[in-house]
Amino acid sequence: HDFFVVTVSRLFYYCGLSVQTFFLYFVHDIIRVTDDPESAVAYLAILGQVAGTLTTYPIGLISDKLGGRRKPFVYLACFLLSSVMVVMIFARTMHQMTILG
């Protein structure tokens, strides 16, 4: 069971990683950032990392106060992240991408 979970999680991880290759083209062609799409992608990546950094520590403290139950928080994080990624498909402006990022 554990090996299956690790294998499936790696599958999703590498699928997500491979999609990042096309994010520059998405920002350039769909969001229409034509002057400097590389900077826009870097900005969105940094924004996502900062948001993750700011939420990780407080959520860890809350998890510890609830007896170390991490699975509900992992499930919630995965649900929120996948929901934002699906909604991001419909974004058409850099402002929408920043809000979702």
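This is a short tour of a predicted model, stop by stop.

**Whole chain**

Start with the protein chain in cartoon view. Five helices and zero strands should appear. Read along the sequence, the pattern is α-α-α-α-α. The radius of gyration is 16 Å, well over the 13 Å that the globule rule gives for 101 residues, so the chain is more spread out than a compact globule. Turn the model along its principal axes. The C-alpha atoms fill a box of roughly 50 × 30 × 20 Å.

Now switch on the surface. The accessible surface of the protein chain comes to about 8,100 Å². Carbon and sulfur atoms hold 72% of that area. Of the 101 residues, 12% count as buried. Look at contacts with a separation of 6 or more: residues 24 or more positions apart account for 45% of them.

**Helix H1: a surface patch**

Select residues 2-19, which make up helix H1. Tyr 14 sits in this helix. Add Tyr 13 and Leu 17 to the selection. Together with Tyr 14, these residues form a nonpolar patch on the surface. Their joint accessible area is about 330 Å².

**The cysteines**

Next, show Cys 15 and Cys 78 as sticks. Why is there no bond between their sulfurs? The sulfur of Cys 15 is 14 Å from that of Cys 78, its closest cysteine sulfur, and this is too far for a bond. A disulfide needs sulfur atoms within 2.5 Å. Cys 78 is likewise in no disulfide. A search of the whole structure finds zero disulfides. Both side chains can be found from outside: Cys 15 is partly exposed, at 39% relative accessible area, and Cys 78 is partly exposed, at 47%.

**The loop before H3**

Move to the loop between helix H2 (23-29) and H3. Pick Arg 32, which lies in this loop. Check its backbone. Arg 32 has a positive phi of about 65°, although it is not a glycine. Is Arg 32 buried or exposed? Arg 32 is exposed, with a relative accessible area of 63%.

**The end of H3**

Select helix H3, residues 37-65. Go to Ser 63 in this helix. Ser 63 is buried, with a relative accessible area of just 3%. What does Ser 63 touch, leaving out residues up to four places away in sequence? Display Gly 68, Arg 69, Arg 70 and Phe 73; these are its contacts.

Keep Arg 70 on screen and add Asp 64. The two form a salt bridge. The closest N and O atoms are 3.0 Å apart. How many salt bridges does a search of the whole structure find? The search finds one. Both partners are partly exposed: Asp 64 has a relative accessibility of 45%, and Arg 70 has 46%. Arg 70 therefore appears twice at this stop, as a contact of Ser 63 and as the partner of Asp 64 in the salt bridge, with 46% relative accessibility.

Finish on Lys 65, also in helix H3. Lys 65 counts as exposed, at 75% relative accessibility. For a last distance, select Leu 11 as well. Lys 65 and Leu 11 are 54 residues apart in sequence. In space, C-alpha to C-alpha, they are 32 Å apart.

Key:
Residues are numbered from 1 along each chain as its sequence is written. This is a predicted model: local features need pLDDT of at least 70, side-chain atom pairs count only at pLDDT 80 or more; totals for chains, interfaces and linings use all residues. Side-chain values use heavy atoms; hydrogens and water are left out. Patches are made of residues with over 30% relative accessible area and no salt bridge: like charges are joined within 9 Å, nonpolar side chains (Val, Leu, Ile, Met, Phe, Trp, Tyr) within 5 Å. Accessible areas come from the Shrake-Rupley method with a 1.4 Å probe; for residues, only the protein chains shown count as cover. A salt bridge is a side-chain nitrogen of Lys or Arg within 4 Å of a carboxyl oxygen of Asp or Glu. Helices (H or I, at least four residues) and strands (E, at least two) are DSSP runs, numbered from the N terminus. The radius of gyration is taken over C-alpha atoms; the globule rule is 2.2 Å times the number of residues to the power 0.38. Buried means under 20% relative accessible area, exposed over 50%, partly exposed in between (1.4 Å probe, protein chains only). Contact means heavy atoms within 4.5 Å.
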